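Work through the exercises below with the sequence and the coordinates at hand. Each task is followed by a stepwise solution.

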Amino acid sequence: MDLGTRKRHNLLELHQAIGLGESYLTAKPPELQLELTAKCNLSCRSCGRTHWGERRKPSELDPLLLPFLPPFLRLARGLTLGGYGEPTLSPLLLEVLSLGHTYACTTTLITNGTRLDRAFAADLAAVGLDRLVLSIDAVSDQLMHFLRGVPAATIWQGLEHARHIGCGLEVQTVAWAENLSELAELVDRAGKLGVEKVQVLLPKIYAQSLRASSPFLHRDRAEEAFAAARERAAVHDLDLRLPPLEQGSELRCRQPFEVLVLRHDGMVHACCSALFDGDRRALVAGSLRTTPLAELWNAEPLQRYRTAFHGRGPWPDVCLGCAFRLHTLEAYCRFLDQEDH
Ligand code: SF4
Ligand code: SF4
């Protein structure tokens, strides 16, 4: 059976199991995410590592863990490289992208764009990168410097180089009260550079002083900015994803059914939330150094989540106030009570 057929069968088996309300899954996760490194060359306002960075040693993924991945890569549709560190700083980047390509996974690289020069773009093209996701929060140097500590021109230049990779391009932007005024221009500029999708995110609030900048508290201005951004997106036929500004909706986080995330230190999580924070605010399966990946995929916390999802038990504590389940300002502020620890 070829890889594509195996992947389709795996997905079908997964959907059937979810439909039957099962918590123990024999199908494998359709997505894998790898955090190649805990190092980063920026200190973004929106990032947990900026505020709690002292909890992270600047370490790298151990290459000895890579041979555990192929049985899962064979059945996964996608392999994403990203986390709370800049993957382009990892010496393993190209090797891991090639590995994903070997197993016919759609490869995605999430990057801050600071290292995307012409030569690097050529390297990414050579390993067949399928999708590049670039984090850009502003068009003006001043604002980008304030939000991410780097001139905007550097990152937009990186996006110019990325066009030569020949892969799909996406921009992720974190909306604050301070950058709403540039959102429409950002979408326009991204559209002109061939970006297919702009995903706008609301910020997780990691420090009390940032709470007042959440767009939840500037709803009229945010609605206006979103409407202007929609107009620009329509001109470029660009897929613009905007977050709802009304609070209260309950979301159906499906990550523990769909993804396993390997952290740089060998710990495996059931979701991409709070990778920087040990196991206190994240759904952690265990360590790949001591436990096979197949066992981690059905570890007790993941099964507990799935059982709760099917309405047959309580949610794991770490999920109760998570912004992937609850669309409220309080959920986006869930880290604040640990700020001083
Ligand atoms: S958001 Fe990304 S680029 Fe910014 S500090 Fe965090 S890991 Fe680095
Ligand atoms: S609700 Fe939050 S913590 Fe729980 S699995 Fe989803 S993303 Fe992770």
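Helices (H or I, at least four residues) and strands (E, at least two) are DSSP runs, numbered from the N terminus. This is a predicted model, in which local features need pLDDT of at least 70, side-chain atom pairs count only at pLDDT 80 or more, and totals for chains, interfaces and linings use all residues. Residues are numbered from 1 along each chain as its sequence is written, while chains are lettered from A and ligands numbered from 1 in the order in which they are written.

**Exercise 1.** Describe the shell around ligand 2.

Solution. Step 1: a residue is near a molecule if its C-beta atom, placed from the backbone, lies within 6 Å of it. Step 2: 14 residues are around ligand 2, and Cys 253, Cys 271, Cys 319, Cys 322 and Phe 324 come nearest. Step 3: at least two residues of this shell come from each of α10 (255-258) and α13 (317-320). Step 4: sort the shell by class, with Ala, Val, Leu, Ile, Met, Phe, Trp, Tyr, Cys and Pro as nonpolar, Asp, Glu, Lys and Arg as charged, and the others, Gly among them, as polar. The result is eleven nonpolar, two polar and one charged.

**Exercise 2.** Find how the residues around ligand 1 divide by class.

Solution. Step 1: list the surrounding residues, including Cys 40, Cys 44, Cys 47, Arg 49 and Glu 86. Step 2: the shell of ligand 1 holds five nonpolar, four polar and two charged residues.

**Exercise 3.** Which residues of α1 are buried, and which are exposed?

Solution. Step 1: α1 covers residues 3-19. Step 2: count other C-beta atoms (placed from the backbone) within 10 Å of a residue's own; 20 or more means buried, 12 or fewer exposed, and anything in between partly exposed. Step 3: Lys 7, Asn 10 and Leu 14 are buried in α1. These residues lie on the same side of α1, because they cover an arc of only 60° around the axis, the arc being that of the directions from the helix axis to the C-beta atoms. Step 4: Gly 4, Thr 5, Leu 12, Gln 16 and Gly 19 are exposed on the other side of α1.

**Exercise 4.** Place His 101 in the fold.

Solution. Step 1: His 101 belongs to helix α4 (residues 93-102). Step 2: His 101 counts as partly exposed because it has 17 C-beta neighbours inside 10 Å. Step 3: the C-alpha atoms of His 101 and Val 127 are 7.4 Å apart, with their positions 26 residues apart along the chain.

Key:
The expected span of a helix is 1.5 Å times one less than its number of residues.
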